[in-house]
Amino acid sequence: MKKNAFTILEMMIVLLVIVIILLITLPNIQQKEKIIRAKGCSALIEIVNSQIMLYEINEMETPSSVSALISGGYLKQGQDKCPDGTSVVIVNGQAESR
């Protein structure tokens, strides 16, 4: 009686190949995550800058802080921080991350 099944050696070879693939791709994925977080922060800065302009048009003054934009309904709660954890602040009428 011959059973059709994988041997332990075949299973170990398959697992070894999977581990090698993971070891090659994981560092690359982690590096891309840093790039994505940085791009997310720059995109949020651009959104805040556009909302500053809208605030200036509607209110005839420059907002003093990001919290003024949030309380005025120009930004949502939580849009005062970048994906990388830095805070968004308004300096001289322009948004920056710090």
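This report covers the disulfide, the strand hairpin, selected buried polar residues, a nonpolar patch and the salt bridges of a predicted model.

**The disulfide**

A search of the whole structure turns up one disulfide. The bond runs from Cys41 to Cys82, with an S to S distance of 2.1 Å. The pair ties together distant parts of the chain, 41 residues apart. Cys41 belongs to helix H1, which spans residues 8–59. Cys82 sits in the loop between helix H2 (66–71) and strand S1 (88–91). What is the handedness of this disulfide? The torsion about the S-S bond is about 55°, so the disulfide is right-handed. Both Cys41 and Cys82 are buried.

**The hairpin**

Strand S1 pairs with strand S2, residues 94–97. The two strands run antiparallel and are joined by four bridges. One bridge can be named: Val91 has Gln94 in S2 as its partner. S1 and S2 form a hairpin, with two residues between them. Asn92 lies in the turn and has a positive phi of about 55°. In a regular strand, side chains alternate between the two faces of the sheet.

**Where helix H1 meets other elements**

The hairpin has a link to helix H1 through Asn49, a residue of that helix. Beyond its neighbours within four places in sequence, Asn49 is in contact with Gln94 and Ala95. Gln94 is also the bridge partner of Val91. Is Asn49 buried or exposed? Its relative accessible area is 13%, which is under the 20% cut-off, so Asn49 is buried.

Gln51 lies in helix H1 as well. Which residues does Gln51 touch, not counting those up to four places away in sequence? They are Leu69, Tyr74 and Leu75. Leu69 falls within the 66–71 range of helix H2. Gln51 has a relative accessible area of 18% and is therefore buried, again by the 20% limit.

**A nonpolar patch**

Val14, Leu15, Ile18, Leu22, Leu26 and Ile29 make a nonpolar surface patch of about 540 Å². Val14, one of these residues, lies in helix H1. How accessible is Val14? Its relative accessibility is 47%, so Val14 counts as partly exposed.

**Salt bridges**

The count comes to two salt bridges. The table sets out both pairs.

| Salt bridge | N to O distance | Relative accessibility of the acid | Relative accessibility of the arginine |
|---|---|---|---|
| Glu33 and Arg37 | 3.2 Å | Glu33, 40% | Arg37, 36% |
| Glu96 and Arg98 | 3.2 Å | Glu96, 31% | Arg98, 58% |

Glu33 and Arg37 both lie in helix H1. They are four residues apart, about one turn of the helix. Glu33 counts as partly exposed, and so does Arg37.

The other pair involves the hairpin. Glu96 falls within strand S2, residues 94–97. Its side chain meets that of Arg98 in the salt bridge. Is Arg98 buried or exposed? At 58% relative accessibility, which is over the 50% cut-off, Arg98 counts as exposed. Glu96 is partly exposed, because its 31% lies between the 20% and 50% limits.

**In brief**

Helix H1 recurs throughout. It holds Cys41 of the disulfide, the buried Asn49 and the buried Gln51. It also holds Val14 of the nonpolar patch and the Glu33 and Arg37 pair.

Notes. Residues are numbered from 1 along each chain as its sequence is written. This is a predicted model: local features need pLDDT of at least 70, side-chain atom pairs count only at pLDDT 80 or more; totals for chains, interfaces and linings use all residues. Side-chain values use heavy atoms; hydrogens and water are left out. A disulfide is a pair of cysteine sulfur atoms within 2.5 Å. Buried means under 20% relative accessible area, exposed over 50%, partly exposed in between (1.4 Å probe, protein chains only). Two strands pair if DSSP finds at least two bridges between them. Contact means heavy atoms within 4.5 Å. Patches are made of residues with over 30% relative accessible area and no salt bridge: like charges are joined within 9 Å, nonpolar side chains (Val, Leu, Ile, Met, Phe, Trp, Tyr) within 5 Å. Accessible areas come from the Shrake-Rupley method with a 1.4 Å probe; for residues, only the protein chains shown count as cover. A salt bridge is a side-chain nitrogen of Lys or Arg within 4 Å of a carboxyl oxygen of Asp or Glu.
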